[in-house]
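Let's take a walk through a protein fold together, one strand at a time. Keep the picture open beside you and turn it as you read.

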Amino acid sequence: IMKLIVRCVAERHCFVSLPQDLAYQFASQRASSTLHCSALELTFSGRRCYVGWAGGTSAGTAGVLEIPSALAECLHIEDGERVEVTLVQQLPIAATVAIEPSTSSDWEILELNAGFIENNLLNQLGVVYHGLVFPVWVGVSAQIHMKVTSTFDSSCAALANDTEVIVASKVRPKQPPSNHSESTHAQPVTLRALSIDAMVGGVPVVTVHSSVYRKMGICPNQVMCLRRLVMPSSSSSS
């Protein structure tokens, strides 16, 4: 057991880095050379969690455990906190892992980027256990949070190429109908479309007044499908 000081770092994965001397020591004790990472048990403030270590070494000061900031936040570990670190000797490979998105927004992003996440999950996460909440980075800037709902025979388990990951959906609840007495039908609104040169990420932008989008239940930056309506001629045929 080693006592280390946590330093949060800006990394887009869920692997920690060890001081060089401890990294050499743990490398010779790894549970299996076939796994892409080892598991470390962290004990702090009367709590316990497990993280993946893929061989990375921390820079600078000795006695420092580097943890990606987003992962530290999920684990409720603060920068500068003192933790006890133990190498997990028995690390089975998880055959199946069930996870669920933390929010409906996370689910919607995951749905749109399922292929990307499937191809990159092992590059971001190596160790799972029941109740773990972890971040997943999608594309350049998006970040979602997932929770492990599976139970395991051991304290934690490793992800591998053959691990089947089952994701439960979390659909956004439908808005209840309005109780306003004026009308139960949606009222027509006027939108001011910008020129085709006004684009964000290749998508044309429509400007909507704040009072209008609140009434319609539209969120800022929401992607919408618009259809042009052609009004009938006012002259009637005989």
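What follows is a short tour of some paired strands and of a nonpolar core. Keep in mind that this is a predicted model.

Let's start with strand β1, which covers residues 2–9. It pairs with strand β6 (residues 82–87) in the antiparallel sense, over four bridges. If you look for L4, you will find V83 of β6 standing opposite. Strand β1 has another partner too: β5 (residues 64–68), and here the pairing is parallel, with five bridges. Within that pairing, V6 has L65 in β5 as its bridge partner.

Now follow β6 across to strand β3, residues 38–44. These two strands, β3 and β6, pair in the antiparallel sense over four bridges, and T43 stands opposite E84 of β6. Is β3 enclosed or open? Buried means under 20% relative accessible area. Six of the seven residues of β3 are buried, so the strand is largely enclosed by the rest of the structure.

Strand β3 also runs antiparallel to strand β4 (residues 47–57), joined to it by seven bridges. One pair to find is E41 with its bridge partner Y50 in β4. The hairpin of β3 and β4 has two residues between the strands, and S45 takes a positive phi near 50° there.

Finally, let's visit the largest nonpolar core, which has 54 residues. Which members touch the most others? They are L18 and F134. Leaving aside neighbours within four places in sequence, L18 is in contact with residues including L4, L40, W53, L65 and V85.

Conventions
Residues are numbered from 1 along each chain as its sequence is written. This is a predicted model: local features need pLDDT of at least 70, side-chain atom pairs count only at pLDDT 80 or more; totals for chains, interfaces and linings use all residues. Side-chain values use heavy atoms; hydrogens and water are left out. A nonpolar core is a set of buried Ala, Val, Leu, Ile, Met, Phe, Trp, Tyr and Cys residues joined through side-chain atoms within 4.5 Å. Buried means under 20% relative accessible area, exposed over 50%, partly exposed in between (1.4 Å probe, protein chains only). Contact means heavy atoms within 4.5 Å. Two strands pair if DSSP finds at least two bridges between them.
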